[in-house]
Structures are given as structure tokens and as C-alpha cells.
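Please keep the sequence and the three-dimensional view side by side while you read, and look up each place as it is mentioned. The paragraphs below go from single residues to pairs of helices and back again.

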Amino acid sequence: MHRLGKNQGGYFGETIDIRAVLRDVATVARQHGWTAEVYGRQGEFDLLALRRGSHLTAHVSSSPRIYLSAGIHGDEPASPSAALRLLRENRWPAHAELWFCPCLNPMGYVLNRRENADGRDLNRDYRHPETPEVRAHIAWLERQPRFDLYLCLHEDWEANGFYLYEQNPDLRPSLADKIIESVSQVCAIDRSDVIENRPAQNGIIRPNLDPNTRPQWAEAFYLITQKSRLGYTLEAPSDFPLPVRIDALVAGVNGALATLALRDGN
């Protein structure tokens with residue numbers, strides 16, 4: 001599978017009906033026992049956070065706590081679509097506690113652009129938050145416990161294949177190779193030595209930087225400094241067909257969770 005060549009200077013691929021996707025997300029989540037919380041508003045949309053598993057895990061001290069997010073950039077349609085697929089397939093580790101924000105920027109999808117309705121990139125607003133969406137999201141995150149793992153679902157319209165960022169400052173057992181192995185069954189991996197101007201190996205970028213040196217924070221920087229010590233940003237290649245990108249993100253999440261479950265004995 002090679003790039004389609006649609007994206008020249010931006011994303012010009014398939015779009016999604018985010019209203020329909022989010023209606024389906026709410027329905028499927030309810031069917032599978034998730035509880036939903038509205039933590040904010042963006043235009044016509046409720047900003048939704050889902051939670052599942054606390055009633056099953058109160059007696060299990062080792063239950064992994066896993067946070068997932070999707071849909072922070074409105075020109076990355078595979079991200080909320082993968083969130084819906086994951087909820088439908090319902091293949092979660094036994095005894096895990098799960099938190100899921102399935103679409104952080106729904107107006108971005110209505111407008112088919114990266115930013116929110118005010119032209120702000122929400123994924124650069126997590127250090128000194130100014131946008132109401134990010135302020136509401138951080139306020140919600142502050143009410144949650146610390147997570148053992150976070151997974152942020154993204155796309156990159158310039159990418160030659162799937163790749164990921166690993167944040168692992170304490171050098172915990174990595175899930176990165178298993179994620180790449182899982183994704184390679186459904187999507188090409190970007191094997192370049194340099195991706196996004198950063199050293200990479202086998203589709204894995206391990207940024208060696210202190211988030212406190214960066215004036216702007218992505219969601220992942222906030223999470224690794226405030227909520228978790230292990231996390232992955234999954235980047236599907238936007239110039240590939242949308243079904244392939246959805247498959248890649250779903251495979252990446254499932255690969256990470258299966259490996260974590262095996263290690264925890266769940």
C-alpha cells in the first residue's frame with residue numbers, strides 16, 4: 001500500500017459525518033456498559049468522557065488504569081472512527097479500568113480542519129490553556145486518578161506509513177514494538193531514520209526532551225507530566241485510504257492493550 005498522493009500542503013482526503021459518529025459512540029458505549037459524563041461544550045456538541053470498569057475492579061488492586069483519547073484534530077477522521085470501532089468491538093482487557101474521550105474537537109470535523117472553530121490548535125494548548133475546550137478537559141482530567149497507560153489516536157497527512165511516539169521517562173517495559181508489530185499486519189510502517197525531524201527507529205520516535213522546555217504542550221505532554229508515566233501517540237498515515245488508517249489505529253490500541261494484559265496477568 002502506497003500513498004495516494006491526495007495531500008499536498010494539507011489534508012484533502014475522506015471526511016466523516018461527526019454527528020453520526022458521535023451518535024453511534026453514545027449508543028454503543030451505553031450498550032456495553034460505559035458511563036458517560038459531559039465535561040464541556042463546543043458549539044452544538046457535548047464534550048463526552050466515557051468510563052468503564054470501576055464496579056468490576058474495586059477489589060483488584062493491580063487493575064490497570066488506561067486512558068484513551070481521539071479526535072483532537074478535525075482533519076484526522078480515522079481517529080474518532082477508530083474510537084467508534086474500538087467501542088463496537090468491545091475487546092478490552094479483563095479487570096481494566098478505562099477512560100475514553102472519543103472526540104476532543106468535534107467542530108474541527110464539521111469544518112474539516114485541524115483547529116477548533118476559533119482557529120486554535122487544541123493540541124498546543126495544554127501548558128497554559130486558553131481555549132474553553134482544553135480548560136474543561138484538564139479540569140476533568142484533574143478529577144481522575146493517575147493512569148498506568150495513555151493512548152492518543154492521531155493521523156499525519158505527510159507520513160509515509162504508520163509511526164508512533166513513546167513517552168517513557170522511567171524506562172518501563174515498552175509496548176512500542178508490539179504496537180508496531182500489530183499495525184504492520186494491516187498498514188505499512190514508516191521505517192525512516194528521521195520522522196517529523198526527529199530520530200526514529202522501526203516506526204518509533206522516543207523524544208529525548210523535557211516538556212518543561214517547551215512553550216506549548218500537546219495533550220501527551222500534559223499527560224506524561226501530570227497523569228501517567230507511560231504513553232503512546234499513534235500516528236496513522238492520512239494519505240492512505242481511510243479504512244486502512246482506521247484499521248491501523250485499532251490494531252495499535254489492541255496490540256498495546258493485549259501486551260499490557262499479558263504482563264499484568266489479566
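Which residue has its backbone oxygen 2.8 Å from a polar atom of the side chain of N168? In this model, which is a predicted one, the backbone oxygen belongs to R172. N168 itself is found in the loop between strand β6, residues 163-167, and helix α6. Its relative accessibility is 11%, and because buried means under 20% relative accessible area, N168 counts as buried. If you set aside the neighbours within four places in sequence, N168 is in contact with S174, R229 and L230. Farther off, the C-alpha atoms of N168 and V244 are separated by 28 Å, and these two residues stand 76 residues apart along the chain.

The loop that holds N168 leads to α6, and this helix takes us to the first pair of helices. Two packed helices are described by the angle between their axes and by the distance between those axes. Helix α6 covers residues 176-183 and helix α8 covers residues 242-264, and their axes come within 8 Å and cross at roughly 140°. Angles over 145 degrees would count as roughly antiparallel, and α6 and α8 are therefore described as oblique to each other. Their crossing is right-handed. On the side of α6, the residues that take part are K178, I179, S182 and V183, and they meet A248, A251, G252, G255, A256 and T259 in α8. The residues of this contact divide into 5 nonpolar, 4 polar and 1 charged.

Helix α8 also meets α3, and here the axes come within 9 Å and cross at roughly 55°. Are α3 and α8 parallel, perpendicular or oblique to each other? Since roughly parallel requires an angle under 35 degrees and roughly perpendicular one of 65 to 115, α3 and α8 are oblique to each other. The crossing of α3 and α8 is right-handed. From α3 the contact is made by A78, S79, S81, A82, R85, L86 and E89, while α8 contributes L242, R245, I246, D247, L249, V250, V253 and N254. Sorted by kind, the residues of the contact of α3 with α8 are 8 nonpolar, 3 polar and 4 charged.

Within helix α3, which spans residues 78-89, we can look at L84. With a relative accessibility of 7%, L84 counts as buried. Apart from its neighbours within four places in sequence, L84 is in contact with V21, D24, V25 and V28. The C-alpha atoms of L84 and N254 are separated by 14 Å, although their positions lie 170 residues apart along the chain.

Another part of the model to examine is the loop between α4, residues 106-111, and α5, residues 132-142, where D121 lies. Is D121 buried or exposed? Its relative accessibility is 17%, and D121 therefore counts as buried. The side chain of D121 is joined to the side chain of H73 by a polar contact of 2.9 Å, and a polar contact of 2.7 Å joins it to the side chain of R114. When neighbours within four places in sequence are left aside, the residues in contact with D121 are H73, R114 and E115. At the end of this loop comes α5, in which E133, V134, A136, H137, I138, W140 and L141 are buried. What covers these buried residues includes the strands β1 (35-42), β2 (45-52), β3 (65-69) and β4 (97-101), together with helix α7 (219-226).

The loop between α4 and α5 also holds N112, and this residue brings us to the backbone. Most residues other than glycine have a negative phi. N112, however, has a positive phi of about 55° although it is not a glycine. With a relative accessibility of 34%, N112 counts as partly exposed. A positive phi is also found in E196, where the value is near 55° in a residue other than glycine. E196 has its place in the loop between β7 (194-195) and β8 (198-199), and its relative accessible area of 34% makes E196 partly exposed.

Terms used: Residues numbered from 1 in each chain as written. Predicted model: local features only at pLDDT ≥ 70, side-chain atom pairs only at ≥ 80, totals over all residues. Heavy atoms only, no water. Helix = DSSP H or I, 4+ residues; strand = E, 2+ residues; numbered from the N terminus. Buried < 20%, exposed > 50% of the residue type's maximum accessible area, 1.4 Å probe, protein only. Polar contact = N/O pair within 3.5 Å; in protein donor to acceptor, adjacent residues only side chain to side chain. Contact = heavy atoms within 4.5 Å. Axes fitted to C-alpha atoms, helices over the stretch in contact; angles between N-to-C directions. Left-handed = near helix turned anticlockwise from the far one by under 90°. Nonpolar A, V, L, I, M, F, W, Y, C, P; charged D, E, K, R; others polar.
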